[in-house]
Amino acid sequence: MRIIVVGCGKVGTTLIDSLSKEKHDITVIDTNSAVLSDVSNTYDVMGIVGNGVSYTVQMEAGIEQTDLLIAVTDSDEVNLLCCLIAKKAGNASTIARVRSPLYSREISYIKDELGLSMIINPEYAAATEISRILRFPSADKIDTFSNGRVEILKYLITENSIIKDCTLIEVSRKTKSDVLICAVERGDDVFIPNGNFILRANDIISIIAAPRNAKEFFAAIGEPSHQVKNTMIIGGGMIAYYLANQIIPSGISVKIIEQDRKRCEELSELLPKAKIINGDASNQDVLNEEGVDGVESFVALTGIDESNIFLSLFARNKTKGKIITKINRIAYDDIISTFNLGSLISPKNITAEYIVRYVRAMQNSFGSNVLTMYKLIENKAEALEFEIGANSPVSDKELSKLKLKRNILIGSINHNGIISIPNGQSVIRTGDKVVIITTGQGLNDIKDILE
């Protein structure tokens, strides 16, 4: 596909990195020539210096032959205008990043009236991911398929876990739960395991299941399967606002600690049911006075990654509650992974994943049938949901008779809303929705899973 990306900030660069790996023809527009030069030298993209709102600049970028324009500058209004110009100048689909809460209640109207294909709000998307985790704190990350009927949950195996040193067959016998351990992350290695695979301490496993079965699994291994009762949020930015709005109605008590007094006053008006504290959370006395040792969850959402890391490390020593840490600038590397920062949340990565997922879905018109896609383990494993069309090469055959490529696992089958974890005798039918786990990348059609 031919794609134009307007804006080379954190989100734009992350997006360019992801789309480049998908082998798309990418043109990048930005007003900063130095940033554009760095991106052009790093990735196989064409760079154009200029304002993406300009009709002339978009024509120079080839908007008339472009399939998709994605506007991710720092300005919501610029992004929306870029998309409007693109719709008038060519016939491209358009995606805009829109962050301001001012527009949050008008998103549907703006999308429809401007003819946008998608509006993405990184802060809202991050808040949604955090809210899922707070409702199911045993998991470090939760992704959903089939409108929430199927979940993939990540879980860290500790030294005290009852499934440590067990084979997957033994785990099934112990838990008696209808779940599938579909991927195992061990250090730098990723495995799609078979029944004889032995789980070790510090493995991060990905579990696929219907929500009810996932709760049964975690209950069977002695992990809490109920939502947290309260949370302490550090930083009163947009993610904190969106998060509080999502979890307060579900009965979770919210306390936000914010250093800026004016912002505290704004939050007090916007979130009357939350407790807003004006204080410096980098001061340990403030956290102790506000009862960090008694919270069931702690969410570090300041604008500085290093501060979030240190805050989470401090909280880790004070509470056994769920820890969630926002990291948006520092790359996830081996050093950070050893800090035990709980669930790591990156708005730029979440945004890029949402958009790449949409791009995969767009390719349906070119013969693909991908419904949903998640980066299960960054750059190492994907989970994809396919809808099975008529005359599919995988339909009406027992799975044991299909010649699958290596490192491919069929994780679940949704047949008319009934979810099953398949075995060798399972059969995929036309119209089923099937979740595939793979350590490869670039699957666009269900037939790509076959040798």
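**Notebook: domains, a sheet and a strand**

I began with the overall division of the chain, where the domain assignment gives domain 1 (2-120), domain 2 (126-220), domain 3 (230-351) and domain 4 (361-449). I noted at once that this is a predicted model, and I read every entry below with that in mind.

**Entry on domains 1 and 3**

I looked up how domain 1 and domain 3 lie relative to each other, and found that their centres, taken over C-alpha atoms, are separated by 31 Å. I then turned to the contacts, in which 8 residues of domain 1 meet 7 residues of domain 3. The area buried between domain 1 and domain 3 comes to about 740 Å², and carbon and sulfur atoms give 72% of that area. On the domain 1 side, I wrote down Lys 10, Thr 14 and Pro 101 as the residues that lose the most area to domain 3, together 50% of what that side buries. How many salt bridges does the rule find across the interface of domain 1 and domain 3? I recorded 0 salt bridges there.

**Entry on the parallel sheet**

Next I followed an open sheet of 6 strands with parallel pairing, and I copied its order as β14-β13-β12-β15-β16-β17. Which are the edge strands? They are β14 (275-278) and β17 (343-345), each of which pairs on one side only. From one strand to the next, I noted a twist that averages 15°.

Within this sheet I picked out strand β15 (residues 297-300) and strand β16 (residues 322-326), which pair in the parallel sense over 4 bridges. In that pairing Val 299 stands opposite Ile 324 of β16. I also found helix α9 (residues 238-247) packed on the sheet, where α9 touches β12 (230-234), β13 (253-258), β15 and β16. The direction of α9 makes about 170° with that of β13.

As background, I reminded myself that strands of a sheet pair through backbone hydrogen bonds, either parallel or antiparallel.

**Entry on strand β19**

My last stop was strand β19 (residues 381-387), for which I asked how many of its 7 residues are buried. The count is 6, and the strand is thus mostly covered.

I then looked at the pairing of β19, starting with strand β18 (residues 370-377), which runs antiparallel to β19 and is joined to β19 by 6 bridges. Ile 377 stands opposite Ala 381 in β19. With strand β22 (residues 433-438), β19 pairs in the antiparallel sense over 6 bridges. There I noted Ile 437 in β22 as the bridge partner of Ala 383.

Note on methods. Residues are numbered from 1 along each chain as its sequence is written. This is a predicted model: local features need pLDDT of at least 70, side-chain atom pairs count only at pLDDT 80 or more; totals for chains, interfaces and linings use all residues. Side-chain values use heavy atoms; hydrogens and water are left out. Buried means under 20% relative accessible area, exposed over 50%, partly exposed in between (1.4 Å probe, protein chains only). Helices (H or I, at least four residues) and strands (E, at least two) are DSSP runs, numbered from the N terminus. Two strands pair if DSSP finds at least two bridges between them. Axes are lines fitted to C-alpha atoms, for helices over the stretch in contact, and angles run from 0 to 180 degrees between N-to-C directions. Contact means heavy atoms within 4.5 Å. Domain bounds come from an automatic or database domain assignment. Buried area is the accessible area (1.4 Å probe) that two parts lose on being put together, summed over both. A salt bridge is a side-chain nitrogen of Lys or Arg within 4 Å of a carboxyl oxygen of Asp or Glu.
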